[in-house]
Amino acid sequence: MSASPVCGSCTATARLSAFAPVGGTTSLAPAATVYNGKEYLFDVGTDNHLYVDVNNGSSWSGFTMIGGTMSIAPSATVYNGKLYVFAVGTDYHLYDNVFNG
């Protein structure tokens, strides 16, 4: 086994698969997190609205608009059993959206 280029003393035992298209079009960086066993991907579309796509482990649901008009890429995290998404609006105010379902 060869040493990892990130950690000289580490050995690489796992590899990422090749990139696969998820869908959607964006000019900003997406945010991803895991909540209740599903992968949530948040992105700002080219129309500046916030969207979410959910992966149940075998397929993506397709992007659904959450709303808002955002100017900066979102951030997402899970805290105390709730999924939080943060984004900056075009008015430069910070907004959050909480999902506890």
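Q: Is Asn48 buried, partly exposed or exposed?
A: In this predicted model, Asn48 sits in the loop between β2 and β3. Its phi is positive, about 70°, although Asn48 is not a glycine. Exposed would need over 50% relative accessible area and buried under 20%. At 33% relative accessibility, Asn48 therefore counts as partly exposed.

Q: Which class of accessibility does Asn36 fall into?
A: Asn36 is another residue other than glycine with a positive phi, near 50°. The loop between β1 and β2 holds Asn36. Its relative accessibility is 58%, and the cut-off for exposed is over 50%, so Asn36 counts as exposed.

Q: What pattern does the protein follow when read along the sequence?
A: A good place to begin is the count of elements: there are zero helices and seven strands. Read along the sequence, the pattern is β-β-β-β-β-β-β.

Q: What share of the contacts between residues at least 6 apart in sequence join residues at least 24 apart?
A: The protein has 101 residues, and 26% of them count as buried. For contacts between residues at least 6 apart in sequence, the share that joins residues at least 24 apart is 25%.

Q: Which residues touch the most other members of the largest nonpolar core?
A: This core has 13 residues. The elements that give two or more residues to this core are β1 (31–35), β2 (38–44), β3, β5 (70–79) and β6 (82–89). Within the core, the residues touching the most other members are Tyr40, Phe42 and Leu50.

Q: Which residue of β6 (82–89) is in contact with Leu50?
A: Let us leave aside the neighbours of Leu50 within four places in sequence. Its contacts then include Phe42, Val44, Ile66, Met70 and Pro74. β6 spans 82–89, and the contact of Leu50 that falls in this range is Val85.

Q: How are the rings of Tyr40 and Phe42 arranged?
A: The structure holds four aromatic pairs. Tyr40 and Phe42 form one of them, with 6.4 Å centre to centre and 15° between the planes. Planes under 30 degrees apart count as stacked, so this pair is stacked.

Q: What is the angle between the ring planes of Tyr84 and Phe86?
A: The ring centres of Tyr84 and Phe86 are 6.2 Å apart. Tyr84 counts as buried at 19% relative accessibility, whereas Phe86 is partly exposed at 29%. The pair is stacked because its planes lie at 5°.

Q: Which residues do ring pairs link into a cluster?
A: Two members of the cluster are Tyr40 and Phe42. Tyr40 counts as buried at 11% relative accessibility, and Phe42 counts as buried at 3%. The full cluster linked by ring pairs is Tyr35, Tyr40, Phe42 and Phe99.

Q: How far apart in space are Val44 and Ser27, C-alpha to C-alpha?
A: Val44 lies in strand β2 and counts as buried at 1% relative accessibility. Leaving aside neighbours within four places in sequence, Val44 is in contact with Ser27, and also with residues including Thr25, Leu28, Leu50 and Ile72. Val44 and Ser27 are 17 residues apart in sequence, and their C-alpha separation is 7.8 Å.

Q: Is Thr33 buried or exposed?
A: Thr33 lies in strand β1. Leaving aside its neighbours within four places in sequence, Thr33 is in contact with Lys38, Glu39, Tyr40, Ala76, Thr77, Val78 and Leu83. Its relative accessibility is 15%, and the cut-off for buried is under 20%, so Thr33 counts as buried.

Q: What is the volume of the largest pocket?
A: Leu16, Ser17, Ala18, Phe19, Ala20, Pro21 and Val22 line the largest pocket. By class, this lining has six nonpolar, one polar and no charged residues. The volume of the largest pocket is about 250 Å³.

Q: What distance separates the C-alpha atoms of Gly62 and Val22?
A: Gly62 lies in the loop between β3 (50–55) and β4 (64–67) and counts as partly exposed at 29% relative accessibility. Leaving aside its neighbours within four places in sequence, Gly62 is in contact with Val52 and Asp53. Val22, one of the residues lining the largest pocket, is 40 residues from Gly62 along the chain, and the C-alpha separation is 8.2 Å.

Technical notes
Residues numbered from 1 in each chain as written. Predicted model: local features only at pLDDT ≥ 70, side-chain atom pairs only at ≥ 80, totals over all residues. Heavy atoms only, no water. 1 Å grid on protein atoms, 1.4 Å probe; cavity = no way out; pocket = protein on both sides within 12 Å on 5 of 7 lines; lining within 4 Å. Points joined across faces, edges and corners; volume = space filled by probe spheres on them. Nonpolar A, V, L, I, M, F, W, Y, C, P; charged D, E, K, R; others polar. Helix = DSSP H or I, 4+ residues; strand = E, 2+ residues; numbered from the N terminus. Buried < 20%, exposed > 50% of the residue type's maximum accessible area, 1.4 Å probe, protein only. Contact = heavy atoms within 4.5 Å. Phe/Tyr/Trp six-rings, centres within 6.5 Å; stacked < 30°, edge-to-face > 60°. Core = buried A, V, L, I, M, F, W, Y, C linked by side-chain atoms within 4.5 Å.
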